[in-house]
Amino acid sequence: MSKQFTVAIIGGGIGGLSLAAALLRRRVPVTIYEAAASFKEIGLGLTIGPAAHRAMPLLDPAIRNIYDELITTHADSPGFERFKQTWFEVVWATGDDDPRSGEVLFDLKALPSGQTTVRRADFLDALVRLIPPDVAKFGMRLADLIETEPGNENGGMMMTFDNGTTETADIVIGCDGIHSRVKQFILPEPEYLEKQPRYSGMYGYRAVLDMETMVEAVGEHRARVATMYIGHGAYGITYPIMRAKKANVGIFPLKEGGKWTGEGWVRAARREDMKSDLGGMGPQIQKLVEHMPDPSQWAIFEHPHISTYTRSRAAILGDAAHASTPHQGAGAGQAIEDALVLAELLGDQHVITADHVVAAFEAYDAVRRPRSQRAVMSSAENGYLLCLRLDGVGDDGEKIKAAMQERLHWLWDLDVEGHIEDARGIMLEKIRNQETE
């Protein structure tokens, strides 16, 4: 049967576009409301772990094809094909007084795909081509969301935008980022005010360097193989992008108990600040610091756990629901998993009416909230692990290896199709209960 509901997606980032493409493929009517004048993506590199990689073709085979056509892998560097299944090599960066500094602790594998990276903007630009032009409306920043009373001629969800326009839909899904307005509708006011995004105690120095510059700084091997540099109170990552023509660099000092004093996400810094923050790290990080452009500090925020991802006919996904630190490289992957579960539930043959979607949203919350919130917590702890500050682990190499492998294999080894079916079973039970009431 044809769907008897319409879906409004608030936000046209990677999560929103992936969900829209998947719903359109399942013949679910969709409109995207994007605050900007066009689809655009901020940020540098994007990496997807094995579970999200397996989820992509289930969303829409075209999404996986797009990603695979754009990715950089270690096989893009001649002579480094043997690292095709490497996620990162983990290297000690503990300073000159530690004999381990500069040595490889272990080769962290991510089977079968290994490290795969794309430029965020390239991936989003390609996703846009999956969306018919008439599906998107731009310059539409959500100001308020109200559920109207049953029987109202504008029944459903009434959306008011900053430009003064008002539109309605039966269903609203917020893909509108860490400061989501849809989340404000979903949560009770005391919880919404209490559970605002919080500064994680870490910021990052970030850059994209030409591969020739990377080779000059750290040598051919370290430049071309994705590397985690672990040190006391800070860690760094580097990995090749753009078919190994460039490299993404991020270095993250841990400032326990610190507060973010900038007005936005990024604040200016001096080279002396970067040298002071990273002075205790090994010679490879010191070489990278010399080649980094004028530094800025990028704040790392995370989302406190919230009590629900849904209320009635509204739901949130991705950063709107569970914005995470980047220390496990899982943020985009969790949004893709969210989108897949939602698309499968809303596209299910038993989901015909808006009331059925309410059951679907409750099932989505039941399976996705525990997993995504655990991913947020694990990522935060991983920041301490990489800075050699995690309680019970410290700088013990064997404990670091065990902890990293345990965390990442939990993240990566998800039975994606079983995850969907768990949600579907919960939803169908709720629909049956609706029909017997």
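Leu 17 is buried in this predicted model, and its relative accessible area comes out at 0%. The residue is found in helix α1, and I would like to start from that position and work outward. Leaving aside residues up to four places away in sequence, Leu 17 touches Gly 12, Ile 32, Phe 39, Leu 124, Leu 127, Val 128 and Ile 131. One of those partners, Ile 131, is 114 residues away from Leu 17 in sequence, while the C-alpha to C-alpha separation of the two is 7.6 Å in space.

Several of these neighbours bring us to the packing of two helices. Helix α1, residues 14-25, packs with helix α4, residues 120-128, at an angle of about 25°, and the two axes lie 10 Å apart. Angles under 35 degrees count as roughly parallel, and α1 and α4 are therefore described as roughly parallel to each other. The crossing of α1 and α4 is left-handed. On the α1 side the contact is made by Ile 14, Leu 17 and Ser 18, and on the α4 side by Arg 120, Phe 123, Leu 124, Leu 127 and Val 128. Sorted by class, the contact of α1 with α4 has six nonpolar residues, one polar and one charged.

A second helix pair can be set beside that one. The axes of helix α12, residues 331-347, and helix α15, residues 416-436, come within 10 Å and cross at roughly 45°, and α12 and α15 are therefore oblique to each other. The crossing of α12 and α15 is right-handed. Here Leu 340, Val 341, Glu 344 and Leu 345 in α12 meet Val 416, His 419, Ile 420, Ala 423, Arg 424 and Met 427 in α15. By class, the contact of α12 with α15 has seven nonpolar, one polar and two charged residues.

Let me turn now to the sheets. Eight strands form an open sheet with mixed pairing, and their order is β5-β4-β13-β14-β15-β12-β17-β16. Its edge strands are β5, at 104-109, and β16, at 266-268, each of which pairs on one side only. From one strand to the next the twist averages 25°.

Within this sheet, which residue of β15 stands opposite Thr 238? Thr 238 lies in strand β14, residues 234-241, and the residue opposite Thr 238 is Val 249 in β15. Strands β14 and β15, the latter spanning residues 246-253, run antiparallel and are joined by eight bridges. Thr 238 is buried, with a relative accessible area of 1%. With residues up to four places away in sequence not counted, Thr 238 touches Phe 88, Met 214, Arg 222, Val 225, Ala 226, Thr 227, Tyr 229, Asn 248, Val 249 and Leu 288.

Two helices lie across this part of the structure. Helix α10, residues 283-291, lies across β4 (86-92), β12 (198-210), β13 (227-231), β14 and β15, and runs at about 110° to β13. Helix α13, residues 354-386, lies across β12, β13, β14 and β17 (296-302), and runs at about 70° to β13.

Moving along the sheet to β17, five of the seven residues of this strand are buried, so β17 is largely enclosed by the rest of the structure. Strands β12 and β17 run antiparallel, with five bridges joining them, and Gly 204 has Trp 298 in β17 as its bridge partner. Strands β16 and β17 also pair in the antiparallel sense, over three bridges, and Val 266 stands opposite Trp 298 in β17. Trp 298 is thus a shared point of reference, as bridge partner of Gly 204 and as the residue opposite Val 266.

Finally, there is a further sheet to describe. Six strands form an open sheet in the order β7-β2-β1-β11-β19-β18, again with mixed pairing. The edge strands are β7, at 136-138, and β18, at 310-311, and each pairs on one side only. Inside this arrangement, strand β11, residues 171-174, and strand β19, residues 314-316, pair in the parallel sense over three bridges, with Val 172 standing opposite Ala 314 in β19.

Notes. Residues numbered from 1 in each chain as written. Predicted model: local features only at pLDDT ≥ 70, side-chain atom pairs only at ≥ 80, totals over all residues. Heavy atoms only, no water. Axes fitted to C-alpha atoms, helices over the stretch in contact; angles between N-to-C directions. Helix = DSSP H or I, 4+ residues; strand = E, 2+ residues; numbered from the N terminus. Parallel < 35°, antiparallel > 145°, perpendicular 65-115°, else oblique. Left-handed = near helix turned anticlockwise from the far one by under 90°. Contact = heavy atoms within 4.5 Å. Nonpolar A, V, L, I, M, F, W, Y, C, P; charged D, E, K, R; others polar. Buried < 20%, exposed > 50% of the residue type's maximum accessible area, 1.4 Å probe, protein only. Pairing = 2+ DSSP bridges.
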